[in-house]
Amino acid sequence: MSVRTFETMGTVVSLRGVSLEAAAAVRAVFAGYDHRYSLYDPASVLSRVASGTLRLADTPAEVRDTYALALEWRDRTGGAFTPHRPDGVVDLSGVVKALAIRDAGAVLDDEGSDWLVTAGGDVLARGRYRSDGPEAEPEPWSVGIVDPSRRDTVVGIVRLDGDRRAVATSGTAERGEHIWRRATPTFVQATVIADDIVTADVLATAVVAGDAEDLGRLTADGSVDVVAFAADGQVWATPGAESMLRPEVAAEP
């Protein structure tokens with residue numbers, strides 16, 4: 001199966017099961033979000049808000065809706081996730097990449113039933129993986145969970161069964177301390193498996209930004225599966241995620 005890649009939002013997007021035409025459409029989706037929300041582009045809408053040359057209230061409705069979504073997630077996570085930097089700047093990167101992946105998925109739905117999008121630590125998949133072998137049976141898409149202290153070691157495998165599944169990983173191993181924490185660091189990495197990429201991405205950030213109480217509260221309804229690596233080396237896993245880990249990995253409930 002061919003793999004198509006491009007760089008955007010400071011990361012690399014990878015597409016599987018996608019034609020050249022569909023890949024171009026996906027690239028345009030990401031470029032649109034990057035143009036509106038990048039704080040590295042002085043001409044973007046959000047950069048102009050940060051510089052004070054544009055009021056948030058005067059931004060396009062789409063930007064205001066995205067900000068409202070981020071505020072909703074702030075409330076749902078008890079403040080573990082926030083769209084505000086410590087200096088007060090509005091930064092919507094915590095939802096924007098996931099929204100771009102979500103919209104890319106909508107574009108690819110017209111392409112066919114089997115595709116996978118990865119962007120940084122986020123994955124959205126539909127259908128099943130089909131190898132190039134003529135007699136090979138399709139299999140669930142699979143995503144590895146890497147030990148943050150040993151980046152060459154896979155400690156678990158997430159198999160994405162179902163029509164559409166999402167996986168998001170947030171942590172400090174690759175990009176350092178880029179997450180705004182509201183407490184003494186408890187977790188250094190969190191992988192969240194959910195039915196939609198926005199939920200997975202936001203909750204992965206919220207777990208790393210928060211503490212063990214946040215983890216318990218955010219997973220209490222059983223709607224997502226989580227594997228979290230604590231700063232002290234412990235591995236925490238929700239009941240549904242325990243089977244994803246290798247047998248030698250001892251996880252706390």
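**View 1. The second largest pocket of this predicted model holds about 160 Å³ of space.** Who lines it? The residues around this pocket are Trp-73, Arg-76, Thr-199, Leu-203, Arg-217, Leu-218, Asp-221, Ser-223 and Val-224. Three helices each bring at least two residues to the lining: H3 (61-76), H5 (197-209) and H6 (212-218). Sorted by class, the lining of the second largest pocket comes out as 4 nonpolar, 2 polar and 3 charged residues.

**View 2. Helix H1 (residues 20-37) meets helix H4 (residues 93-108), with axes that come within 9 Å.** The two axes cross at roughly 155°. Angles over 145 degrees count as roughly antiparallel, so that is the label for H1 and H4. Their crossing is right-handed. On the H1 side, the contact is made by Ala-22, Ala-25, Val-26, Val-29, Phe-30, Tyr-33 and Tyr-37. On the H4 side, look for Val-96, Lys-97, Leu-99, Ala-100, Ile-101, Arg-102, Asp-103, Ala-104, Val-107 and Leu-108. The class count for this contact is 14 nonpolar and 3 charged residues, with no polar ones.

**View 3. Here H1 packs against H3 at an angle of about 85°.** Their axes sit 11 Å apart. Are the two helices roughly parallel or roughly perpendicular? The range from 65 to 115 degrees counts as roughly perpendicular, and H1 and H3 therefore get that description. H1 reaches this contact through Tyr-33, Arg-36 and Tyr-37, while H3 offers Glu-62, Val-63 and Thr-66. By class, that makes 3 nonpolar, 1 polar and 2 charged residues. Tyr-33 and Tyr-37 of H1 may look familiar: they touch H3 here, and they also take part in the contact with H4.

**View 4. H4 turns up again, this time packed against H5 with the axes 8 Å apart.** The angle between H4 and H5 is about 155°, so these two helices are roughly antiparallel. The crossing of H4 and H5 is right-handed. From H4 come Gly-94, Val-95, Ala-98, Leu-99, Ile-101 and Arg-102, and they meet Ile-197, Val-198, Asp-201 and Val-202 of H5. This contact has 7 nonpolar, 1 polar and 2 charged residues. Leu-99, Ile-101 and Arg-102 of H4 face H5 partners in this view, and these residues are also part of the H4 contact with H1. As for H5, this helix also helps to line the second largest pocket from View 1.

Conventions
Residues numbered from 1 in each chain as written. Predicted model: local features only at pLDDT ≥ 70, side-chain atom pairs only at ≥ 80, totals over all residues. Heavy atoms only, no water. Axes fitted to C-alpha atoms, helices over the stretch in contact; angles between N-to-C directions. Helix = DSSP H or I, 4+ residues; strand = E, 2+ residues; numbered from the N terminus. Parallel < 35°, antiparallel > 145°, perpendicular 65-115°, else oblique. Left-handed = near helix turned anticlockwise from the far one by under 90°. Contact = heavy atoms within 4.5 Å. Nonpolar A, V, L, I, M, F, W, Y, C, P; charged D, E, K, R; others polar. 1 Å grid on protein atoms, 1.4 Å probe; cavity = no way out; pocket = protein on both sides within 12 Å on 5 of 7 lines; lining within 4 Å. Points joined across faces, edges and corners; volume = space filled by probe spheres on them.
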